[in-house]
Amino acid sequence: MKDSILVINCGSSSLKFAVLANAGQDSLIEGIADRLGTEESNITFKFESKKKTILLEDGSHKNAVAQIKEWLNSHPDIADSLVGIGHRVVHGGETFSQSVLINETVLDGIKECAQFAPLHNPAHIKGIEIAFELFPGLPQVAVFDTAFHQTIAPEQYLYPIPMHFYRQHHFRKYGFHGTSYRYISQRLEQVAKGSDQQGVLVAHLGNGASTCAIDKGLSVDTSMGITPLEGLMMGTRSGSIDPSLLSFISQAEGISADAALDILNKKSGLLGVSEISNDCRTLEDAMVSGDQRAKLALDMFAIRTAKHLASMSTTLESIDHLVFTGGIGENSSYLRQAICDHLKALNITIDSTLNETAPRGDTTNISSASSGTNVWIIPTNEELMIALDTISLISH
Ligand code: ADP
């Protein structure tokens, strides 16, 4: 085994990690430290198809990384092959249009972008600083969710509000899930060789959900905005709404604008409409047992996703491929069908048998014979992109 990369996704209360070896091809171990900062904090290691969870005595981020280091030390073949650490960073603003080797200037840049990701970026900085302390000498790379969308043109990324907000404060659409979209674009190039790859629509549908239009490999539009709240209806986020609702909600409930925003981020979407759950699987089960609220929430999710895909197609010359990815996009045949049923006017249709029988975890073309667009299920792999970027930057 050689060239192992430790991939870290450090959030405010959780820290996901993985070690990928041999040019990212082999995933050696993965895991998550959860409920950090509480008394129930724990860390789970998934290694050789076995799971092991241990309670963290001190639920700090540092203790979580120390446990990862201890695990690596007890597997010296893996520890010795470690050549770098790749960090997922949510917001790179306009400063970062690609992945970078981390140094003091880069850390300052990530700190500056924290104004738009006040929960995420400070947690990433913590993860980076701890990793520098516990793995001294290992080069570290930052891979940004926003970077892939830096090719979007001003007429797409500007909000139609007074221009000084952009000039002075950089208020604009940034978009997220960029690492996933970059992976999908490259994977599509491998699997759809020989076909015209010019215009691609991608629906990354997970608990967070967004769409992206990709023209010849470059992002030309995406549904999320200055924060991930814009765009599609999601697990707990409302997605795009009339902004006046913010003030109506805060007046109706007697709460601050920030508290109203919290409702749009954490209590809306599938959860808010169904009043059952934000989890697609739970809602599908409820729908099958006849729950109308679950069906309404899922059908709203489908129609709003289809609308975003249709509007995004205006940035492309042709819609050659439509890709479903993310936990819902890869696994929910019900939602893939419901979304494509709303796209018939664009001559996008799928084969219902192929859609329902698509093997989990595989790349599959589910288009119907008459569809004008190739419709794909492609499992995303953000960890692989982070590992590959890290290898590429540390070997230069
Ligand atoms: P995120 O990374 O944004 O947290 P994921 O991409 O892991 O989210 O997706 C989580 C979503 O995928 C959940 O709503 C979950 O219910 C849904 N999901 C996972 N497996 C299935 C399945 N077999 N059928 C329907 N939905 C599924």
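**View 1. Where E10 meets E11, aspartate 215 has leucine 218 of E11 as its bridge partner.** This is a predicted model, like every view below. One step along, isoleucine 214 sits opposite serine 219 of E11. Strand E10 covers residues 209–215, and four bridges tie it to E11, with the two running antiparallel. Together E10 and E11 make a hairpin that leaves two residues between them. Have a look at lysine 216 in that turn: its phi is positive, at about 50 degrees.

**View 2. Pulling back from the hairpin shows an open sheet of six strands.** Read across, the order is E11-E10-E9-E12-E14-E13, and the pairing is mixed. Which strands sit at the edges? They are E11 (218–222) and E13 (364–365), each of which pairs on one side only. Helix H14, residues 333–341, lies across three strands here: E9 (199–205), E12 (321–325) and E14 (374–377). H14 runs at about 150 degrees to E12.

**View 3. The ligand has 13 residues around it.** Those that come nearest are Asn207, Asp279, Cys280, Arg281 and Gly327. For the backbone, start with glycine 208, where an N or O atom of the main chain lies 3.1 Å from a ligand oxygen. Cysteine 280 also offers a polar backbone atom, 3.0 Å from an oxygen atom of the ligand. Asparagine 331 uses its side chain instead: a polar atom there is 3.4 Å from a nitrogen atom of the ligand.

**View 4. Here the sheet is an open one of eight strands.** Its order goes E5-E4-E3-E2-E1-E6-E8-E7, again with mixed pairing. At the edges you'll find E5 (50–55) and E7 (100–101), and each of these pairs on one side only. Zoom in on E1 (residues 4–10) and E6 (residues 82–89), which pair in the parallel sense over five bridges. Within this pair, serine 4 stands opposite leucine 82 of E6. Helix H16 lies across E1, E2 (15–21), E6, E7 and E8 (140–144). Relative to E6, H16 runs at about 125 degrees.

**View 5. Helices H7 and H16 pack with their axes 8 Å apart.** H7 spans residues 178–191 and H16 spans residues 382–394, and the angle between them is about 90 degrees. H7 is therefore roughly perpendicular to H16. What does each helix bring to the contact? H7 supplies Thr179, Ser180, Arg182, Tyr183 and Gln186, while H16 supplies Glu382, Leu384, Met385, Ile386 and Asp389. Sorted by class, that contact comes to four nonpolar, three polar and three charged residues.

**View 6. Threonine 380 sits in the loop between E14 and H16.** Setting aside neighbours within four places in sequence, threonine 380 touches Ser180, Tyr183, Ile184, His204, Thr325 and Glu330. Ser180 and Tyr183 also turn up in the contact of H7 with H16. For a longer-range marker, try valine 19: the C-alpha atoms of valine 19 and threonine 380 are separated by 17 Å. Along the chain, these two residues are 361 residues apart.

Key
Residues numbered from 1 in each chain as written. Predicted model: local features only at pLDDT ≥ 70, side-chain atom pairs only at ≥ 80, totals over all residues. Heavy atoms only, no water. Axes fitted to C-alpha atoms, helices over the stretch in contact; angles between N-to-C directions. Parallel < 35°, antiparallel > 145°, perpendicular 65-115°, else oblique. Contact = heavy atoms within 4.5 Å. Nonpolar A, V, L, I, M, F, W, Y, C, P; charged D, E, K, R; others polar. Pairing = 2+ DSSP bridges. Near = heavy atom within 4 Å. Polar contact = N/O pair within 3.5 Å; in protein donor to acceptor, adjacent residues only side chain to side chain.
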